[in-house]
Amino acid sequence: MAKRPSKHLRAPRPLSVGAFARADRKDDGEWMVQAMSADAATKTYRCPGCNRSFGPGVAHVVVWPRIPDIGSSSAVEDRRHWHSACWSRRK
Ligand SMILES: [Zn+2]
């Protein structure tokens, strides 16, 4: 019988999208930024940077506050979808 590695040795799957996000510092604080591939963009979003809607099928970035606002139940609910270029232009 072939020896198989114990499943306990396998790396755990990330529990949240935040696992692959990077932190980005802007003038108004720290934000988590995650790239969204064109395949993953399945809805229409409105970019807060230029106020234009885009998608589905458009690669972009998802941004949320690194520290959630007081009163919001979870940082994930504060997520905003930005054009990658608009986000990089933001200070
Ligand atoms: Zn934009």
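These legends walk through several close-up views of one predicted protein model.

Residues are numbered from 1 along each chain as its sequence is written. Because this is a predicted model, local features need pLDDT of at least 70, side-chain atom pairs count only at pLDDT 80 or more, and totals for chains, interfaces and linings use all residues.

**View 1. How confident the prediction is along the chain.** Let us start with pLDDT, the predictor's confidence in each residue, from 0 to 100. Its mean over the protein chain is 83, and 73% of the residues reach 70 or more. Over residues 14–18 the pLDDT is below 50, and this stretch has four contacts in the model beyond near neighbours in sequence. Two residues are in contact if their C-beta atoms, placed from the backbone, lie within 7 Å.

**View 2. An open sheet of four strands.** Strands are DSSP runs of E with at least two residues, numbered from the N terminus. Here they line up in the order β1-β2-β5-β6, with antiparallel pairing. At the edges are β1 (22–26) and β6 (80–82), each of which pairs on one side only. From one strand to the next, the twist averages 40 degrees; the axes are lines fitted to C-alpha atoms, and angles run from 0 to 180 degrees between N-to-C directions.

**View 3. The hairpin between β1 and β2.** Two residues make the connection in this hairpin. The two strands pair in the antiparallel sense over five bridges; strands count as paired if DSSP finds at least two bridges between them. Look for D24, whose bridge partner in β2 is W31, and for A23, which stands opposite M32 in β2.

**View 4. A23, an exposed residue of β1.** A23 counts as exposed because it has 9 C-beta neighbours inside 10 Å. The cut-offs are these: a residue is buried if 20 or more other C-beta atoms lie within 10 Å of its own, exposed if 12 or fewer, and partly exposed in between, with C-beta atoms placed from the backbone. Leaving aside neighbours within four places in sequence, A23 is in contact with E30, M32 and R66. The C-alpha atoms of A23 and W64 are separated by 9.7 Å, although the two residues are 41 apart along the chain.

**View 5. Strand β5 and its two partners.** β5 pairs with β2 over six bridges and with β6 over three bridges, in the antiparallel sense. On the β2 side, V33 stands opposite V63 and A35 stands opposite V61. On the β6 side, the bridge partner of V63 is R80. Five of the six residues of β5 are buried, so this strand is largely enclosed by the rest of the structure.

**View 6. The largest nonpolar core.** A nonpolar core is a set of buried Ala, Val, Leu, Ile, Met, Phe, Trp, Tyr and Cys residues joined through C-beta atoms within 7 Å. This one has ten residues: W31, M32, Y45, C47, V61, V62, V63, W64, W82 and W87. β2 (29–36) and β5 (60–65) each supply at least two of them, and the largest share, four residues, comes from β5. To explore further, follow W31: not counting residues up to four places away in sequence, W31 touches D24, K26, V63, W64, P65 and R66.
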